[in-house]
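Student: I'd like to go through this one label by label, testing each against its cut-off. Put it up and we'll start.

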Amino acid sequence: NSPAPLPERAIYGFALFLGSWFGFMLYLIWAYIPETWLFSLGLTYWPQKYWAVALPAYLLVTIGIGYILLFGINMMSTAPLNSTHTITDNYAKKQQQKKFQEEAIPALRDIPISEVNRMFFLPEK
Amino acid sequence: EERRYRSASGAPIALWRRQHSASCRELTVRCSRLQLRSLSAVTSAVWLTAYGLYVISENSMVLSAAIFIMLIGLIIYLHFVKVDQESLLVIGSLGIQVTSSYASGRESTTFIEMGQVKDVVINEAIHMQKVIYYLCILLQDPGDPQGIYEVVPLFQSSKPRLDCLIEVYKSCQEILEQRKTAPQSS
């Protein structure tokens with residue numbers, strides 16, 4: 001699963017490149033060439049030309065709203081100041097205490113906030 | 001007994017400490033009063049806008065509506081929003097009382113009994129695109145001393161900075177430590 005370049009990825013990239021150019025040329029042809037010319041060629045089943053202007057406008061407004069929406073979602077999912085999620089969570093509540101061994105590095109655990117506060121703010125000696 | 005500090009947004013606040021007895025302490029944080037210059041700035045902005053609308057629309061109701069809105073807004077702000085002082089009264093074996101007094105004289109009080117208080121800690125959390133330190137009371141269920149049942153944040157309106165919070169924390173811890181030793185001695 002490394003992001004290194006592979007021959008298959010080069011082929012996918014080139015196919016996407018050609019496809020997007022083709023799609024863009026098709027969009028330009030549909031938007032600019034008058035309908036009568038297209039009808040004379042026999043191509044009659046196109047969407048209304050109104051959409052050639054409407055779709056980019058919709059897309060730009062969506063991108064703008066997306067910025068504001070992401071900001072708002074972030075603010076909404078931040079835990080409020082009075083919730084216990086700022087102190088602890090399920091994993092910390094159910095953790096098991098390992099026995100203290102001499103000469104060994106203590107096991108990793110979540111230190112309760114009372115202990116942390118005492119260490120930081122109450123210098124005894 | 002009074003010390004000057006700053007709140008999280010830079011406004012000057014004052015901390016008053018009073019010791020009523022060996023196991024009872026009262027800590028009060030006083031915010032600055034409503035400033036005359038900010039009040040006159042808001043009043044003149046609203047009234048000048050209303051006058052501008054009146055000149056455009058020739059409707060005198062705009063002026064009376066502006067006066068009315070200012071008065072009602074000011075009364076609501078003083079009564080419900082602007083906090084004058086917040087105080088914390090810690091009584092050793094009884095409980096903790098939290099009082100907020102508003103600019104209009106209203107006081108709202110909450111009492112938490114000592115059996116429910118697990119600890120008073122300084123916690124840090126994200127609040128409105130900032131990380132702030134705030135003092136909070138951790139409540140426990142009397143039947144389950146290990147679990148934290150609820151968190152009650154203190155000094156919400158004045159939001160003191162860490163130096164002021166450390167002073168309050170030390171004072172509270174001195175009293176809370178007594179309840180660990182007291183049951184053994186008596």
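Student: Leaving aside its neighbours within four places in sequence, which residues is Glu113(B) in contact with?

Tutor: Leu94(B) and Gly95(B), where contact means heavy atoms within 4.5 Å. Keep in mind that this is a predicted model: local features need pLDDT of at least 70, side-chain atom pairs count only at pLDDT 80 or more, and totals for chains, interfaces and linings use all residues. Side-chain values use heavy atoms, with hydrogens and water left out; residues are numbered from 1 along each chain as its sequence is written, while chains are lettered from A and ligands numbered from 1 in the order in which they are written.

Student: What makes Glu113(B) count as partly exposed?

Tutor: Its relative accessibility is 43%. Buried means under 20% relative accessible area, exposed over 50%, and partly exposed in between (1.4 Å probe, protein chains only). The 43% falls in between, so partly exposed it is. Glu113(B) sits in strand E6 (residues 107–113) of chain B; helices (H or I, at least four residues) and strands (E, at least two) are DSSP runs, numbered from the N terminus.

Student: Why is Ser100(B) called buried, then?

Tutor: Its relative accessible area is 16%, and that is under 20%, so the label fits. Ser100(B) belongs to strand E5 (residues 95–102) of chain B. Not counting residues up to four places away in sequence, Ser100(B) touches Gln85(B), Glu86(B), Arg106(B), Glu107(B) and Ser108(B).

Student: What makes the phi of Phe155(B) worth flagging?

Tutor: Most residues other than glycine have a negative phi. Phe155(B) is not a glycine, and its phi is positive, near 55°. Phe155(B) lies in the loop between strand E9 (144–153) and helix H3 (162–185) of chain B. With a relative accessible area of 6%, Phe155(B) is buried.

Student: Where does Glu58(B) lie, and is it buried or exposed?

Tutor: Glu58(B) is in the loop between helix H1 (36–57) and helix H2 (61–81) of chain B. Its relative accessibility is 64%, which is over 50%, so it counts as exposed. Glu58(B) also has a positive phi of about 55° without being a glycine.

Student: How do you know that Glu167(B) and Arg3(B) form a salt bridge?

Tutor: A salt bridge is a side-chain nitrogen of Lys or Arg within 4 Å of a carboxyl oxygen of Asp or Glu. For Glu167(B) and Arg3(B) the N to O value is 3.7 Å, so the pair passes. The two are 164 residues apart, linking distant parts of the chain: Glu167(B) is in helix H3 and Arg3(B) in strand E1 (residues 2–6) of chain B. Glu167(B) is buried at 19%, and Arg3(B) is partly exposed at 38%. Together with Arg17(B), they are linked in a network of salt bridges.

Student: What makes Glu2(B) and Arg4(B) another such pair?

Tutor: Their N to O value is 2.9 Å, within the 4 Å limit, so they qualify. Glu2(B) is partly exposed at 35%, while Arg4(B) at 66% is exposed. By this rule, seven salt bridges are counted over all chains.

Student: How many of these salt bridges are between chain A and chain B?

Tutor: One. Arg118(A) pairs with Asp119(B), their closest N and O atoms being 4.0 Å apart. Helix H3 (50–77) and helix H5 (113–121) of chain A each supply at least two residues of the side of chain A that touches chain B. H5(A) gives the most, with five residues.

Student: How is the size of that contact expressed?

Tutor: As about 1800 Å² of area buried between chain A and chain B, of which carbon and sulfur atoms give 66%. Buried area is the accessible area (1.4 Å probe) that two parts lose on being put together, summed over both. The contact takes 16 residues from chain A and 24 residues from chain B.
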